[in-house]
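Colleague: Could you walk me through this model at an easy pace? I would like to ask about things as we go.

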Amino acid sequence: MNADWHDLISQPAYGLVAERGVRMKTRDGTTLAVDVFRPDSAGPFPALLSYSPYGKDVQRVLDQQRPHSSRTGNGGQEAGDTGYFVSRGYVHAIADVRGSGDSEGTYDFQGRREQTDGYDLIEWIADQPWCDGNVGMLGMSYFGVVQNLVAATRPPHLRAIAPYEAYTDRYRHSVHHGGIFDEGFFHQWFEHLSVRPQRPLIYDFLPEEEVRRRRDALLASPEIVDSPYMHIQLKYENKNPLMFDFLIEPHDGPYYWERSANRVLDRIEVPALLMARWSGWPIHLAGAFEAWKGITSPKKMIIMETEWITGPLRPWRDHQDVILRWYDHWLKGVDTGMMDEPPITLLVKGSGRWRAEHEWPLARTAWTRFHLTGDGGLTREPGAAESSLGFENDPWIRPGLTSPGLDFTTPPLSEPLEVTGPIALRLTATLDQPDATWIVTLRDVAPDGSSSVVTKGWLRASHRETDPERSEPYKPYHPHDRSVPVPVGERQRYDIELRETSMLFQTGHRLRLEVRGQDTQTEEPVWYHTCNPVVTTHELVLGGDDGSFLLLPVIES
């Protein structure tokens, strides 16, 4: 197809009619509130559902795009550009999930009731006179996560989904990175919800006596004693009931499984467009790759950054044309050429180039070990003699200082090096305490010494157990179903998953691996964790048969 696909997709042809506060009843009689925006024509039209607890009233595209911040979010809009889609012949329905906004009921935090409500909403939409019976879903982050969950319930009139920035594992991708609580994000996230105070949902999964026992133990723990904020969340459980849940349940299990699409991806039968940003390593990025592996229906995957080739920035609101192309194909039957193209499109960071691929990980990957050396090097050749390096964490570090740890850096590259795929770090180490937290960062270091984060990984030492049947050398899988204290002073192996990436390290640049026992909060004021509260000596084994190494997916030019 030689035509520019922008000329083939639906063009603006309609004005907008708004019906706010429409009410619909779910199967259990709970009333949900929906704002319906439709073209100013008799129709009928295909429809797109956006569904979240953020409050339908604030889901709007502003004339002036606001900068992203913890105070204003991304300008208040993650549901999709209503005017863009309505003008091109789609109905846009924005609903408040139960227990939020103007909807009745108790908030279920992506649980079974919220999932079946999504099914009921889609079937209600399909039955309206303005809908032609073809329904999709629209939105990023929470709006994207629920697309996978609702699609797995198989509403008959759901034709396709387009989850943009959508984690699929509630435990690993969001709440407990490597078994370490993602404290910083949940300090502020619940405040952005339009949810009323309620009893924590963990009581649906644990006896009240067990919840109380765990709470009392936590209140006496160093982590909580050192954190007035978390002390308040535990003592006054209705204040931030989700944080209460996360603290009470530190291991993966039924509470998280119910809210994780990775357990039901095989039930998704509709076509799926998976989109994410490489910089989404703290939450959503891994979900795109897990969905790619688990969904067997027709699918496409696009992994990018906020830049689009060499043009201007293209944040979420500016990817609406790609999503329109997808839905024109599946909801309107328009041949936009999208399904004639390779299934995967990647932005190779550091090059500014897009590349089409057919599988993930790439079949031509050269899995290459980069060994950590006693002089702080990162080399392809292992050290023959064994050595060690150590550091102590600083639980009470003053804000603004870099967390203590070890850095391992390659020499300046003599030629470009492409790293595209999953990454794993194998540390052999001893600890002088029964637990610790590992925070690892891979950086691209420019000749002038400036650097940028490529990707990150995490692991709580007591969660070091792996499941051999679900692990790959390049992607260890930790069950996170129990905590096993570390034998003090004994060598242990720590297999740490780093989030996927695609990065071209240019000639003269260096790769740097940073190994820490805690976050440097000034670098990541939102994404910080409840780390090891006790001063601990971390001693890494380098060289020899047990030497620590980084496994990189090298793509030869």
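Modeller: Let us start with a hairpin, keeping in mind that this is a predicted model: β1 and β2 form the hairpin with five residues between them, and G29 in the turn has a positive phi of about 90 degrees.

Colleague: How many bridges join β1 to β2, and do they run parallel or antiparallel?

Modeller: β1 and β2 run antiparallel and are joined by eight bridges. To follow one pair by eye, look for R23, whose bridge partner in β2 is A33.

Colleague: And what sheet do these strands belong to, in what order?

Modeller: They belong to an open sheet of five strands, with the order β1-β2-β4-β3-β5 and mixed pairing. β1 (16-25) and β5 (131-137) are at the edges with a single partner strand each, so one side of each has no neighbour in the sheet. On average, and with direction ignored, neighbouring strands of this sheet are turned by 25 degrees against each other.

Colleague: Which way do β3 and β4 run relative to one another, parallel or antiparallel?

Modeller: Strand β3, residues 45-52, runs parallel to strand β4, residues 91-96, and six bridges join them. Within this pair, S52 stands opposite D96 in β4.

Colleague: Which strands does helix α2 touch?

Modeller: Helix α2, residues 112-126, packs on the sheet and touches β1, β2 (31-39), β3, β4 and β5, with its direction making about 155 degrees with that of β3. Helix α3, residues 142-151, also packs on the sheet, where it touches β3 and β5, and its direction makes about 110 degrees with that of β3.

Colleague: Let's look at the loops then. Where is G139, and is it buried or exposed?

Modeller: G139 lies in the loop between β5 and α3. G139 has a relative accessible area of 0%, so it counts as buried. It is also worth finding A166, because although G139 and A166 are 27 residues apart in sequence, their C-alpha atoms are 9.6 Å apart in space.

Colleague: Which residues other than glycine have a positive phi?

Modeller: Two examples are F109, with phi near 45 degrees, and R154, with phi near 60 degrees. F109 is found in the loop between β4 and α2, while R154 is found in the loop between α3 and α4 (170-175).

Colleague: Are those two buried or exposed?

Modeller: F109 counts as buried, because its relative accessibility is 0%. R154, in turn, is partly exposed, with a relative accessible area of 32%.

Colleague: Where would I find cis peptide bonds?

Modeller: One of them joins G43 and P44, with omega about 5 degrees, and P44 has its place in the loop between β2 and β3. Another joins W360 and P361, with omega about -5 degrees, and P361 is found in the loop between β11 and β12 (366-372).

Colleague: You mentioned β11 there, so what sheet is that strand in?

Modeller: β11 is in an open sheet of four strands, whose order is β8-β9-β10-β11 and whose pairing is mixed. Its edges are β8 (272-277) and β11 (353-357), and each has a single partner strand, so one side of each is left without a neighbour in the sheet. Neighbouring strands in this sheet are turned by 15 degrees against each other on average, direction ignored.

Colleague: How do β10 and β11 pair?

Modeller: Strand β10, residues 344-348, pairs with β11 in the antiparallel sense over five bridges, and L346 stands opposite R355 in β11.

Colleague: Which helices lie across these strands?

Modeller: Helix α11, residues 285-294, lies across β8, β9 (299-304) and β10, and runs at about 155 degrees to β9. Helix α12, residues 320-331, lies across β8 and β9, and runs at about 165 degrees to β8.

Colleague: One last topic: what about D245, is it buried or exposed?

Modeller: D245, which has its place in helix α9 (residues 241-248), is buried yet has no salt bridge, and the nearest side chain of opposite charge, that of R259, is 6.4 Å away.

Colleague: What does the side chain of D245 make a polar contact with?

Modeller: The side chain of D245 makes a polar contact with the side chain of Y255, at 2.8 Å. If we leave aside neighbours within four places in sequence, D245 is in contact with P200, L201, I202, Y255 and Y256.

How values were computed:
Residues are numbered from 1 along each chain as its sequence is written. This is a predicted model: local features need pLDDT of at least 70, side-chain atom pairs count only at pLDDT 80 or more; totals for chains, interfaces and linings use all residues. Side-chain values use heavy atoms; hydrogens and water are left out. Two strands pair if DSSP finds at least two bridges between them. Helices (H or I, at least four residues) and strands (E, at least two) are DSSP runs, numbered from the N terminus. Axes are lines fitted to C-alpha atoms, for helices over the stretch in contact, and angles run from 0 to 180 degrees between N-to-C directions. Contact means heavy atoms within 4.5 Å. Buried means under 20% relative accessible area, exposed over 50%, partly exposed in between (1.4 Å probe, protein chains only). Lys and Arg count as positive and Asp and Glu as negative; His and the chain ends are not counted. A salt bridge is a side-chain nitrogen of Lys or Arg within 4 Å of a carboxyl oxygen of Asp or Glu. A polar contact is a pair of N or O atoms within 3.5 Å; within protein, one must be able to donate a hydrogen and the other to accept it, and residues adjacent in sequence count only if both atoms are side-chain atoms.
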